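Please open the model in your viewer and keep the sequence panel visible beside it. The stops below are given as selections, each followed by a description of what is found there.

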Amino acid sequence: MANRAKTGSRTVIIMGAAGRDFHDFNMVFRGDPSHRVVAFTAAQIPNIQRRVYPPELAGPLYPDGIPIYAEEELDSLVKDRHVDQVVFAYSDISHEDLMHKASRVLAAGAEFRLLGTKATMLQSSKPVVSVCAVRTGAGKSPVSKKVANILREEGLRVIVVRHPMPYGDLMKQTVQRFATIEDLAKADCTIEEMEEYEPHLREGHVVYAGVDYERVLRQAESEADVIVWDGGNNDIPFLEPTLEIVVIDPHRGGHERSYYPGEVNFLRAHVFILTKLDTATPDQIAAVKGAIADYRPGIPLIESVMPLTVENAGAIRGKRVLVIEDGPTITHGGMGFGAGALAAKHYGASELVDPRPYAVGSLTRTFELYPHIGAVLPAMGYGSEQIRELESTIARAACEVVLIATPADLGRVIRIKHPTCRLTYELRELGAPTLADMLRPIVQRVRRA
């Protein structure tokens, strides 16, 4: 109250993870003199605090920019800055943990706020197909790639707009356009960025990302007939979708209604796609189908499998295998293992080598933060130092073969002395309806235009 009386505006902190937090600021607070954002806090992603959201992006109300702190400092920031309101702006958190954070904020004396879809979704002049999920690692990337391929086969110009991952120089990352694999190196992409962009680039699709999504979208629209929004974690789209596809992983049945904002996606979906039916149990599949029948009856459901292909799979049999999995899926996605572990066991590995005894640097902290992780190594690489730590951890591991199950080509960015195998997987639909059926009205709309 004292701060509001002094400045004439409400003081705000935005809790984030270098993504939605910046977008929500740009959409809601950047030009609003009645609210004053005094800080961002950062979670989930290592080494993204202690930066400043630059004044060039923050706008004329913020000539010094906005500092970014670790979330651990939230309580003291609320009290020291006399904060009126804390806005939560990141994804893939259980409803229980979300309310624990809300309780911390309320106990410190501030309000706790979630921004709605009307305030945070940009309107596009082109049709938008969004691909989001109820949890991280549900299989969005193969679905997004399939959607983009179907639209291109219909003769449409497709641009993929990816959920942000601005972990480096925010000014350089304001608007990013990737058309080739070489563009990833030019932009100093992290391994997580490579995991998301590479599959699209190998299919010949242009990918946009960045920090200021108004500018990202307008530039993408200039070369597109259709925009495909490729979501991150289980976040809701930044763009108002024409068709809203939501991916559900049956291995985590029940999570569609117990994680934020995945439940928002679950309740907004125009069509569901149920993935990984080839590795889920009948009981897991039945549980998810039951939830859809109970809470979203009548919504089209596409069933699919993701067959696993391993290059040089014979090298695995009888060997001690270190499995490197997709990072976000294994960390804040909550999975103890991924496709790599399943493939290693299927092809006869004698043992999955536990990477914990060999972890160095920040990777030791990763295993402490996520004790649910099994005998797999998440492909952590949020910056050059952590990429070196990943390389060192792999080199130290007492394994005979390394199975790379992340979509990124790790051999391009790190040296691996052990023999390697790479795992790939594609989406294959079962029966009807299909993605092509769901996309047909958009194809017809573009052709009429």
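Begin by selecting residues 20-29, helix α2, which lies across β1, β2, β3, β4 (66-70), β5 (85-88) and β7 and runs at about 175 degrees to β2. Please bear in mind throughout that this is a predicted model. Is α2 largely enclosed or not by the rest of the structure? Eight of its 10 residues are buried, so the helix is largely enclosed. Display the side chains of Arg20, Asp21, Phe22, His23, Asp24, Phe25, Asn26 and Phe29: these are the buried residues of α2.

**The six-stranded sheet**

Next, show the strands beneath α2. They belong to an open sheet of six strands with mixed pairing, in the order β3-β4-β2-β1-β5-β7. At the edges stand β3 (52-53) and β7 (111-114); each has a single partner strand, so one side of each lacks a neighbour in the sheet.

Select residues 10-16 and 35-42 together. These are strands β1 and β2, which run parallel and are joined by seven bridges. To locate one of the pairings, label Ile13, whose bridge partner in β2 is Ala39.

Add residues 95-108 to the view. This is helix α5, which lies across β1, β5 and β7 at about 140 degrees to β7.

**An edge residue**

Now centre on Val52, which is in strand β3. Val52 is partly exposed, with a relative accessible area of 43%. Apart from neighbours within four places in sequence, Val52 is in contact with Asp64, Gly65, Ile66, Pro67, Ile68 and Leu170. A distance label between the C-alpha atoms of Val52 and Phe40 should read 8.9 Å, the two residues being 12 apart along the chain.

**The nine-stranded sheet**

Move on to a second selection of strands: an open sheet of nine, with mixed pairing, ordered β10-β11-β9-β12-β8-β13-β15-β16-β23. Its edge strands, β10 (175-178) and β23 (428-430), each pair on one side only. From one strand to the next, the twist averages 25 degrees.

At the β10 edge, select residues 206-210 as well; this is strand β11, which pairs with β10 in the antiparallel sense over four bridges. Phe178 has Val207 as its bridge partner in β11.

Then select helix α17, which lies across β8 (128-133), β12 (226-230), β13 (243-248), β15 (271-274), β16 (301-305) and β23 and runs at about 160 degrees to β13.

**The nonpolar cores**

Which residues have the most contacts inside the largest nonpolar core? They are Phe25, Tyr53, Val147, Leu151, Ile245 and Leu403, within a core of 120 residues. Helix α17 (residues 435-448) supplies the largest share of this core, six residues. Centre on Val147: leaving aside neighbours within four places in sequence, Val147 touches Val129, Val131, Val228, Ile245, Leu435 and Leu439. A second, separate core has 20 residues, among them Ala17, Val38, Val105 and Tyr260.

**A pair of helices**

For the final stop, select residues 362-369 and 384-396. These are helices α15 and α16, which pack at an angle of about 85 degrees with their axes 9 Å apart. The two helices are therefore roughly perpendicular to each other. Show Ser362, Leu363 and Thr366 of α15 with Gln386, Glu389, Leu390 and Thr393 of α16, the residues that make the contact. By class, this contact comprises two nonpolar, four polar and one charged residues.

Note on methods: Residues numbered from 1 in each chain as written. Predicted model: local features only at pLDDT ≥ 70, side-chain atom pairs only at ≥ 80, totals over all residues. Heavy atoms only, no water. Axes fitted to C-alpha atoms, helices over the stretch in contact; angles between N-to-C directions. Parallel < 35°, antiparallel > 145°, perpendicular 65-115°, else oblique. Contact = heavy atoms within 4.5 Å. Nonpolar A, V, L, I, M, F, W, Y, C, P; charged D, E, K, R; others polar. Pairing = 2+ DSSP bridges. Core = buried A, V, L, I, M, F, W, Y, C linked by side-chain atoms within 4.5 Å. Buried < 20%, exposed > 50% of the residue type's maximum accessible area, 1.4 Å probe, protein only.
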